[in-house]
Amino acid sequence: MNTLFLHLFVAHPNFTSGGAKDIVRVEDHDDLLQIFTEQTKALSGTYGNYFLAELIEAQDEENHAAVCESDGAAVGFISVSGDINVTMLNECFELGPFNGLQKTKAETPPAEALPRPDPPLSCPARDVPEAQKPNEGTDAVESKSLLDPPNAFRIQLFVIDKRFEMRHPTLPPCFGKPPVALTSMAHENEGMLIFGERAPAGAPSQCPPYCPAVLEYGVQPCPPPLFLFPHLQMLPPPPPPNPNPNPPPLPSTPLSSCHHVESVDFLPYVFKQFPDRDFCIISVPKLAPEFPLLQSFLRVVPHHTSNLPQELYIFPRAGLLKTFDVRVALSTDMPAVQHLVEQLSLHESLLDDLDSFLKARRDLDGTPLLAVVAEVEKQIVGVLIIKDEQDIEYIRAHYNIENFIYFSYHRREEHGQLSHFALNPTFQHYARHFLKEALRLAHKSCLYYPIYPPVHQQRNSCGHYLTAALNYMVPVRPRRQIVLSLEELGMNAPSQHITKEQPPYALNHFSRKLTMEPKVTINAQIVVVGASDTGLSFLEAFVFWFNNITLISTHGIPASHSKEASRFLATSGHGYCARTHAQLSLRSWINIVTGKMVGIDRASKHVLVTGGRRVPYDHLILCTGEQFQIPCPTGVDISKLASDGELPPQPRQRYTGLVPSNLFTLNDELDCQAAYTWLNDSFIEQQGDTVVYGGSIDAYSCVEALLAMGISGSRIHMVHPPSDSQDSCFCDPTVAKAVMSAMDKSGIHVHSNCLLAQWNDGQHPDPITSASFTTDGPPLRLECSVFLNLSSKGVDYDAFKTINDACLVFDGRLVIDTTFHTNDSTIRAAGPMTKFARRYHAEQWRHGLFNSREVGRALAATLLPFFDPTLELVTDPPPDLDRLIPLYSQAKVQGARLPGGFSYLHVVKPAVNFTKDLDGRDIITGRTETGNYFRLHLNRHNMVDALVCLSIKPLPVSNFLCLYGKHEQLLNHLCSRCDEGLVHDLYSYFRERWCLAIYHDRFPDFEEEMHQIMESSKIQLEGDAVSVPELIRRLAEGKLEITEDPELFLKNSFEKSEGLTSLKKSALNYLKYNRYHLTMYAQPGLL
């Protein structure tokens, strides 16, 4: 096959590619054995004790070996083979852009010249699915004989002394050497590099458990499937092969000690051994670090059904070319560009913009355009179109682009938008330089590329389907926006360029600085099970670093559904909405497997999903959360009972019967959309009642959604099941009373403490026509046409069975330690489905009590140091560290639309059972009857630790979340103003202009800066300069004798220091730097 198989390569410090020669003598074994000394144990364990001699003796037409000489001695070795399994590679990898590594029909030799059937790729049998294994018998042989001849050869093993490897990724030779080498060369003790791993001298090489990644700005996303490109016309045919099967050795060139080896320099010689093949491939373990040779190769995207534990990289013969010219497009390039992109989706848009550039240098809206083409050997291999970025103010205000650039360093005209990008797969390793040259020709310093969600897919350019550009861009996270009342602000409102409504999109960025940032590929397989808030938060923090991130979810990533359908469930108010999903575009970076986890094979490390699919993993993250479970009727015949008191306690059971067609258990937006559609089609215009079974806030939200659909309250029965807790789902009795009053006015029937006994009086349950309940009093029987279930949450049975069968410790919930580990070191878990091990003696604390997004970020923070060497990995933690469970500080948030048209928000600090601080204070304004109830609770330190809002108007949720944890003095001396009777309505109070700076997304950073100034300020005290914390400590310990109030003493002392000046300067800089958002604040020089 045309994949060059490089079995083994070792480089000596004085090695040069000019010294390569074919091995035809077994005597060379002795010279080479000295080079392999340090790796003998590792290599012998894999290939046998005589692997080197066997490779030398195995030379034939399909296997070649070569040595590298220095001063007449063999100092390097290389062995290549063309015997590979093209069929299996095509089944496991997306090789369409490379013609499946097979010759075209025009290049196909006669049938008698076809090679023998290929052996399978070396891998354990368990890793190859049955569908990928060739059938035995005559049919298999006949099918293989019909294959086109292979057009590739492969590299199996690669060893090199990395101290002498200097190669910038994908840098063509014509661009010169980079100023900094990607791979470090300075090591005191000698070592070899096997697949990029350095082994210390005298120690066997082993594949490290984690592969390092060094990236400050660059990321390597998991690309979506490649689309077919028109194949590049092959270059002039290579010279005919040498009839001599054993060509003479190449001349050896003496080297100086300062000469540096580049592994890519050996590819020309290797390609000469297979003159009729055009591709060289290499497969490496997924956990192997990227070594310099791979940086010139292109990673092949695996099929979603592939279970191979290896990554495939490919290098085309055309990649040996020394020229890659980038220039402005000409009118004569149009036919070649049309041929290049004719098979791409949305290619019409690209050609239209190219035509506009060639005619007027502007698009139809008058925006300047620039079209650039890449040319190799006078053939167009790529096209790129840039237009001026017109919404740079919007981008700066809505995305954290200033994490990557300083706006003051870039003129407005230097910002451009990447409209279209197409590059032949053969030259995708030059994508970075294509972008860099395009920046130079366009006189731009920054490029932006938006990705719109599927509902706005017509806005995407054809570049969205090519991963070469995205691989070298960085994703820019969205910014939280202040909810403003533009009418009240009037002329002081921010610019319309910032406040205008636009379809949400994910933003990617490329700049001149990123052209010199190295990128290291991380191929470790991270599998996340569950699209809960915890799992999505983990992905948000973790996904942009890896190639192989997979999400297993019953319904995939939550999609955007109608607003009416989404109202059936309460919202956290701080979770992931449709707009957030669009701005993150996780689907562009991860593989999504739709299905349920039904098995975990810990030995072979794969997850079994419904449908029989196996998903391999290196690290498994379980974040399935808790779901409402289908209620299981007790089976009690209520006609024979007078009350519930005659029954013994009924244990909770799992329902295993037929699920009725009109029973809807609402767990996510897809369930809500199905219920909404069914109600519109089969219920609203019909007769009959609906039963809402549950007492959670989601049940109340569901009732409000039914009322909003136009269903009369008299047709709704809300049935509360018995609860283990006597507390209402509402933390405030005033709110509970208002909601119950609104339901009563709507005519809704409310039944409390009811346990489901039967459906349809014990007859066939589908469809449900009646439901029977046992209660504290007389039994209850309700006629109904639909049954909406939101009764009790728990761990899904399939998830429990999978966890239990995998022998993971499950004690009511999945047991974890303080670092999220289960009893399997490669399996972590987080979220409401987990609990801490009993050894911590903290069973009342669990992840379900905390903010799910904060837990997900903490999970990512514990795993990332294993891959990012810039983060210090604690190998030997203190023994006491694992005795305390972690606590989280962010608020637990709950929000919903409630009966009566109320908008409800509850923000509270994490606690087992939150109780008011007796030394604290409640500030209450408004009434539920008027729809403006607001209760704010301050603890003993006058910090906000809870707030409750109930309003008939929409709530600025993101603004109110910023109030949590703030001191009342920061809130414009709230307590003193309330005592003076100046605050009559907290809603109006927190809409005033003074507080808008507190809602800004960068205010926490400003607070941190203020704290640092306070702590570093020095106060003169009795001739000594002491810090503010030290002064406070002395006051608390009574070491200072003062006559005035301590607070007043601290204030006066600080005003005399230089810290006050620094604070004022910092505050003015904060307002000035964020002027585009905070236009309502006066600036020095404007008055």
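Here is a short walk through this predicted model, one selection at a time.

Before you click: residues are numbered from 1 along each chain as its sequence is written, and side-chain values use heavy atoms, with hydrogens and water left out. Because this is a predicted model, local features need pLDDT of at least 70 and side-chain atom pairs count only at pLDDT 80 or more, while totals for chains, interfaces and linings use all residues.

**Whole chain**

Show everything as cartoon. You're looking at 28 helices and 45 strands; these are DSSP runs numbered from the N terminus, helices being H or I of at least four residues and strands E of at least two. Of the 1087 residues, 53% count as buried, meaning under 20% relative accessible area with a 1.4 Å probe, protein chains only. Take the contacts (heavy atoms within 4.5 Å) between residues at least 6 apart in sequence: 74% join residues at least 24 apart.

**Stop 1: residues 310-316**

Select strand β11. 7 of its 7 residues are buried, so the strand is largely enclosed by the rest of the structure. Turn on side chains: Q310, L312, I314 and P316 point one way, and E311, Y313 and F315 the other.

Now add 279-285, which is β9; it runs antiparallel to β11, joined by 7 bridges. Look for C280 opposite F315. Then add β10 (298-299), also antiparallel to β11, with 2 bridges. There, R299 has Y313 as its bridge partner. Strands count as paired if DSSP finds at least two bridges between them.

**Stop 2: a parallel sheet**

Move on to an open sheet of 5 strands with parallel pairing, in the order β21-β20-β19-β25-β37. At the edges, β21 (591-594) and β37 (827-829) have a single partner strand each, so one side of each is left without a neighbour in the sheet. From one strand to the next, the twist averages 20°.

Zoom in on β19 (525-529) and β20 (548-553), which share 5 bridges; V529 pairs with I552. Next select α14 (533-542), which packs on the sheet and touches β19, β20 and β25 (619-622).

**Stop 3: two helices**

Finish with α26 (1028-1036) and α27 (1046-1055). Their axes, lines fitted to C-alpha atoms over the stretch in contact, come within 12 Å and cross at roughly 155°. That makes the helices roughly antiparallel, the term for angles over 145 degrees. Show side chains for V1028, L1031, I1032 and L1035, which meet F1049, L1050, S1053 and F1054.

How values were computed. Axes fitted to C-alpha atoms, helices over the stretch in contact; angles between N-to-C directions. Parallel < 35°, antiparallel > 145°, perpendicular 65-115°, else oblique. Buried < 20%, exposed > 50% of the residue type's maximum accessible area, 1.4 Å probe, protein only.
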